[in-house]
Amino acid sequence: MQGKVEISGVNTSKLKTLSNEQMMQLIKRSQSGDAEARRELVEGNLKLVLSVVQRFMGRGENPDDLFQVGCIGLLKAISNFDTSKQVRFSTYGVPMIAGELRRYLRDYSPIRVSRSVRDTAYRVLQCKQALTARDGREPTMEQIASELQMPLEQVVGAMDAIAAPVSLYEPVYSDGGDPLTVMDQVKDTRNTDEQWLESIALREAIQALSEREKRILALRFYSGRTQMEVASQVGISQAQVSRLEKSALSSIRRSISVS
């Protein structure tokens with residue numbers, strides 16, 4: 001959204017802001033049914049919505065859709081804000097807007113979560129918003145679990161389940177050169193493309209061996225038998241086992257080098 005001047009028909013460069021005193025007066029009027037006060041509140045807090053929406057960008061969602069969902073969260077915050085509390089509206093509004101965006105991303109996520117887990121997560125989010133409004137700060141997971149009388153693991157698990165997926169290509173750090181992405185931090189350094197291709201080549205090379213050669217290699221390198229033990233089990237001499245083993249290994253090396 002950087003450099004975007006207009007979003008959902010709103011010119012972001014001309015958005016106004018309201019003082020805390022103006023906010024309190026307008027909220028009281030809005031909650032009393034004053035539609036004009038409600039409109040002024042929305043216009044005066046669109047920058048707040050934008051600041052929250054920016055945290056949810058880069059997930060493949062349309063910025064206009066996220067902005068509109070954020071505005072729904074703003075309207076809910078305006079309706080439910082308690083002006084008698086010594087709390088700034090932004091302290092209450094931000095988690096309300098973020099919660100609405102999380103619910104939207106959760107419900108439309110390509111990763112499906114069971115209804116029971118979604119319901120638990122929704123209760124957690126509601127509790128989090130209520131505790132934030134009451135205490136003027138964001139509660140810990142332990143406090144939420146205590147308030148809901150739920151095991152901490154259930155609360156954390158529900159929130160993890162509805163978390164929006166992160167792209168493997170999302171940059172996490174950049175010093176002016178190529179950015180460091182999520183993939184760079186979580187990629188498997190043991191099972192690389194090169195190792196995967198070598199594994200395929202090795203499997204195909206083994207498949208090309210005779211049944212006797214396969215059996216000898218299996219006994220020697222998987223079962224850990226000596227050549228004498230293999231000879232006794234297969235019913236040939238130790239010299240034949242040695243010759244067949246060397247021949248099979250040479251055949252595998254040639255096949256892999258050609259691949």
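## Overall picture

Accessible areas are obtained with the Shrake-Rupley method and a 1.4 Å probe. In this predicted model, the accessible surface of the chain comes to about 16100 Å², and 48% of that surface belongs to carbon and sulfur atoms. The chain has 259 residues, of which 33% count as buried, and its secondary structure consists of 13 helices and 4 strands.

When contacts between residues at least 6 apart in sequence are considered, 53% of them join residues that are at least 24 apart.

## Helix α2 and its buried side

Helix α2 spans residues 35–44, and A37, L41 and G44 are buried within this helix. These residues lie on the same side of α2, because they cover an arc of only 70° around the axis. The general geometry helps here: an α-helix has 3.6 residues a turn, so residues three or four places apart point the same way. The cover over the buried residues of α2 includes α1 (20–31), α3 (46–53) and α4 (63–80).

At the N-terminal end of α2, D34 acts as a cap, with a side-chain oxygen 3.0 Å from the backbone nitrogen of E36. D34 also forms a salt bridge with R29, in which the closest N and O atoms are 3.0 Å apart. D34 is partly exposed, with a relative accessible area of 25%, and R29 is partly exposed as well, with a value of 37%.

## Salt bridges

A search of the whole structure finds 9 salt bridges. One of them joins E43 and R39, whose closest N and O atoms are 2.7 Å apart; both residues lie in helix α2, 4 residues apart, which is about one turn of the helix. E43 counts as partly exposed at 31% relative accessibility, and R39 counts as partly exposed at 37%.

Another salt bridge links D135 with R134, the closest N and O atoms being 2.9 Å apart. D135 is partly exposed at 34% relative accessibility, as is R134 at 49%. Salt bridges that share partners also join E36, R39 and E43 into one network.

## A buried lysine in helix α6

K128 is located in helix α6, which covers residues 115–135. Because its relative accessible area is 11%, K128 counts as buried, the cut-off for this being under 20%. The side chains of K128 and E138 are joined by a polar contact of 3.4 Å. If neighbours within four places in sequence are left aside, K128 is in contact with E138, P139 and I144.

## A nonpolar surface patch

On the surface, V172, Y173 and L180 form a nonpolar patch, and together they have about 270 Å² of accessible area. Y173 is found in strand β3, which covers residues 171–173.

How values were computed
Residues numbered from 1 in each chain as written. Predicted model: local features only at pLDDT ≥ 70, side-chain atom pairs only at ≥ 80, totals over all residues. Heavy atoms only, no water. Patch = residues over 30% accessible without salt bridge, like charges linked within 9 Å, V, L, I, M, F, W, Y side chains within 5 Å. Salt bridge = Lys/Arg side-chain N within 4 Å of Asp/Glu carboxyl O. Helix = DSSP H or I, 4+ residues; strand = E, 2+ residues; numbered from the N terminus. Buried < 20%, exposed > 50% of the residue type's maximum accessible area, 1.4 Å probe, protein only. Contact = heavy atoms within 4.5 Å. Arc of directions from axis to C-beta. Polar contact = N/O pair within 3.5 Å; in protein donor to acceptor, adjacent residues only side chain to side chain.
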